[in-house]
Amino acid sequence: MDKKQKSQMYEEFLRSEGYLPQIDADGDVVFKAEGKVYLIIIDERDEEFFRIAFPNFWPIESPQERAKVTQAALDATASTKVAKVFPVQDNVWATIELFCLPPENFKLVFRRSFSALQSAVTTFVGKMRA
């Protein structure tokens, strides 16, 4: 399955779930939920790899904040199954990354994966505001 086919598969699924996805210039799928923008990023070299990302959800505004971000990201990642929270330059991203074989099996885990992503972000934000 090539990138275009995977993009279309994700787009069709998201539409069936009530989202309004779009395929961006890179061929990744962009969708909104609760006013926030998420991506399904497609890795052309690994057909089984599935990744949902919530990019740039927390700006890092100082070196002191970066230290707190690092600890909050570690805590959120450690306490949430399959979630990763990490700094990317001066922002924080959260992702869900897993393998689906065949790739269509992402449909079986999408809701739980998306919920885990949101949970990791909630944990991170809670740690940052504490």
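**Helix 2, the core and its aromatic pairs**

In this predicted model, the buried residues of helix 2 are Glu65, Val69, Ala72, Ala73 and Ala76. Look down the axis of helix 2 and these buried residues fall within an arc of 110 degrees, so they line one face of the helix. An α-helix has 3.6 residues a turn, so residues three or four places apart point the same way. Turned away from the buried side is a face with the exposed residues Pro63, Gln64, Leu74 and Ala78. As for what the buried residues of helix 2 pack against, the partners are strand 4 (49-59), strand 5 (83-88), strand 6 (91-99) and helix 3 (106-129).

Next comes the core. The largest nonpolar core holds 38 residues, and Phe57, Phe110 and Phe124 touch the most other members. Helix 3 gives the most to this core, with 10 residues. Leaving aside residues up to four places away in sequence, Phe124 touches Phe57, Trp58, Val69, Ala72, Ala73, Ala76, Val85 and Val92.

Aromatic rings also pair up here: a search of the whole structure turns up 18 aromatic pairs. One of them is edge-to-face, with Tyr38 and Phe114 sitting 4.8 Å centre to centre and 70 degrees between the planes. Tyr38 belongs to strand 3 and Phe114 to helix 3, so this pair ties together parts that are 76 residues apart in sequence. Both Tyr38 and Phe114 are buried. The rings of Phe110 and Phe114 have centres 5.7 Å apart and planes at 10 degrees, so that pair is stacked. Phe110 and Phe114 are 4 residues apart in helix 3, which puts about one helical turn between them, and both are buried.

Terms used. Residues are numbered from 1 along each chain as its sequence is written. This is a predicted model: local features need pLDDT of at least 70, side-chain atom pairs count only at pLDDT 80 or more; totals for chains, interfaces and linings use all residues. Side-chain values use heavy atoms; hydrogens and water are left out. Buried means under 20% relative accessible area, exposed over 50%, partly exposed in between (1.4 Å probe, protein chains only). Helices (H or I, at least four residues) and strands (E, at least two) are DSSP runs, numbered from the N terminus. The arc is that of the directions from the helix axis to the C-beta atoms. Contact means heavy atoms within 4.5 Å. A nonpolar core is a set of buried Ala, Val, Leu, Ile, Met, Phe, Trp, Tyr and Cys residues joined through side-chain atoms within 4.5 Å. Rings of Phe, Tyr and Trp (its six-membered ring) pair if their centres lie within 6.5 Å; planes under 30 degrees apart count as stacked, over 60 as edge-to-face and the rest as tilted.
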